[in-house]
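This report covers strand pairing, helix packing and the relation between the chains.

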Number of protein chains: 2
Amino acid sequence: MRKVEPLRWNNGVLTLIDQRKLPHQEIFHDYSSVEGVHASIKDMVVRGAPLIGFTALFGMVIAAKNNANDLTGLKEAGEYLKTARPTAVNLAYEVDRALGICESEITEGRRDSLYQTLEKFSLDQMEKLYRDNLAMAKIAFRELTEKYGDKKLNLMTLCNTGFLACGPMGTALGVIEYAFEQGRVNHVYASETRPYLQGGRLTAYELTTSGIPHSVTVEGAFSYLMKKGLIDAIFIGADRIVENGDTANKVGSSTLAIVAKHYGIPFYTVAPTSTFDLSSKTGEEIEIELRPEEEVLEAMGERICPKESRALNPSFDVTDHQHLTGIICENGIIKDITPENVVKTVRG
Amino acid sequence: MRKVEPLRWNNGVLTLIDQRKLPHQEIFHDYSSVEGVHASIKDMVVRGAPLIGFTALFGMVIAAKNNANDLTGLKEAGEYLKTARPTAVNLAYEVDRALGICESEITEGRRDSLYQTLEKFSLDQMEKLYRDNLAMAKIAFRELTEKYGDKKLNLMTLCNTGFLACGPMGTALGVIEYAFEQGRVNHVYASETRPYLQGGRLTAYELTTSGIPHSVTVEGAFSYLMKKGLIDAIFIGADRIVENGDTANKVGSSTLAIVAKHYGIPFYTVAPTSTFDLSSKTGEEIEIELRPEEEVLEAMGERICPKESRALNPSFDVTDHQHLTGIICENGIIKDITPENVVKTVRG
């Protein structure tokens, strides 16, 4: 159904769509060396935590194919891959998982089959993410059906949470695409998501490639859209969900949730259990990264503001769990959002 | 104190700053013909309803100086000026006021002094706006002092409501500048106001020229800023205020007001009595203009979205009067916002 895959693995060659050129150009690059994979992450050909993770995994598969026959070479390749984006937690996590497999396989004398083993592990991880995201989409679909019957719905989302970020299937945007495939989506409103415009660039691109009717809107239009009755439900992703259900996500999420609560519009967070951080009790413990001021002072590479102006550019905000109608993970939906229910659902 | 005047009148010559070039270049143009003034409005050298109105008035002063000695020529000049921006209500209103003066002066045999009469009338109008806006700023300042004593405050605004829009002094931004001159402003947060970025381009420019410390932020950051305790009070302008206090203003205003109400942050509309439309009972009667989709699909003239994407671009939204802490006009502040109190205050 979908015409574009952001990441393909075929017989030792990793093919990535160049996300820097989207939505205006669909350019694919092939990688068959660790150096190439490193560059694809460093230069942001690839983005989105899950997709960076898969790219790193296939980088290790390539290392196992190409490298000298020893663990030292593989470890060097892994450490090198990690330096491509030092702050990407997911990248280091997946490299370390691959290195763990390398170590045990080599220690137990299975160096010859290591390439196949790592390849299978990596493909399995993508398959698992697909299964989990499909499970979330089905849970969300049941929830929508409970609320709205078979009405064709107008859905809204923020930022990008689709296949460009996740690979096989998205989270919040996966829900929307699944509902569309079931014939239950009338129109999608994609909030453009200043300053980096992931909504206008990437979500609009995904909706276009999936043939879903959509309109891009500015964040300022939240209240207008809901007051007009144009929105039936809102789905967003999450960067981190803590024990009480408070959720860190792209800046704008908390503003959107407050406005949705005001108008009584159902508002859902969609994220796999791996996004939950049960070691933090409440959102107060989440530190918000401030990104470069230039992202706000400029748009599309052009300076907006006077040269003397400063900007405040928080990357994320924290949505209070009381503003969420539900949190959807692959294990189920949490509607009565208490620490007990979050822990129970996440631990399965 | 301020180094830049957007409109100057000096001995028959109208000087305008070219707002299309702001904030990066300060270019002034001189006009001494009706054709030139027409072009300045049509080509958007000048913007903001009050400033367009003053420009039109001085266009008529120039017509009275240059034109043939008869009413027909003046009427032709007036009708010609109106065509510069046919939808600008203010433009037609000021031209008609000037024509009314032309008619009575000529009828009563005072053609020779018409130029001086019109010039004085136009300068008086600017002086009146300045007095009214200064009165609003003082009312707002008293309100802030009642609430916060002599604390140095962090204030927030949206869109552009300063001297670039109004000429001698702004409305909401006039309040902020006045409070700054009284030594009571710590920092100003200017929301960039996508899609047209009046906040990032023009408000940031005005704050810069007035030496006021400020940061530009995206609309998505509303909740982040208030949750962090960074905002003490918010001031916005208005395009139209109806009898029950519901207020049409730049898209984003209603979203901002809902978030402010949620966090208990004081939120004020600042607008002269001429902005009130007491013939409409509630905001339901206000029709919202949809502007070209390209404004959202592009930023700084660069295409953001796929060519197939659509956009919804409401120019304004309506803030419910229940989300306003107060409405400030030159006659006073309305805090108990009922139709009776609105009518009483506006009628003086």
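The text below starts with the basis of the model and then takes the sheet, the helices, the strands of chain B and the symmetry.

This is a predicted model, in which local features need pLDDT of at least 70 and side-chain atom pairs count only at pLDDT 80 or more, while totals for chains, interfaces and linings use all residues. Residues are numbered from 1 along each chain as its sequence is written, chains are lettered from A and ligands numbered from 1 in the order written, and side-chain values use heavy atoms, without hydrogens and water.

Helices (H or I, at least four residues) and strands (E, at least two) are DSSP runs numbered from the N terminus; two strands pair if DSSP finds at least two bridges between them. An open sheet of 8 strands with mixed pairing follows the order β17(A)-β16(A)-β10(A)-β7(A)-β4(A)-β5(A)-β6(A)-β14(B). Its edge strands, each pairing on one side only, are β17 (332-334) of chain A and β14 (310-311) of chain B. Within β16(A), A:I328 is the bridge partner of A:V270.

Helix α7 (residues 172-181) of chain A lies across β4, β5, β7 and β10 of chain A, at about 160° to β4(A). Helix α8 (residues 198-209) of chain A lies across β4, β5 and β6 of chain A, at about 160° to β5(A). Axes are lines fitted to C-alpha atoms, for helices over the stretch in contact (heavy atoms within 4.5 Å), with angles from 0 to 180 degrees between N-to-C directions.

| Strand pair | Bridges | Direction |
|---|---|---|
| β10(A) and β16(A) | 3 bridges | parallel |
| β8(B) and β9(B) | 2 bridges | antiparallel |
| β9(B) and β15(B) | 4 bridges | antiparallel |

β8(B) and β9(B) form a hairpin with 4 residues between them, and B:G245 in the turn has a positive phi of about 95°. B:R240 stands opposite B:A248 in β9(B), and B:T247 opposite B:T319 in β15(B).

A turn of 180° with a shift of 0.0 Å along the axis lays chain B on chain A with an RMSD of 0.0 Å, which is the relation of a two-fold axis. The superposition is by least squares on the C-alpha atoms of residues with pLDDT of at least 70 in both copies. The copies meet through the same surface, because 100% of the interface residues of chain B are also interface residues in chain A.
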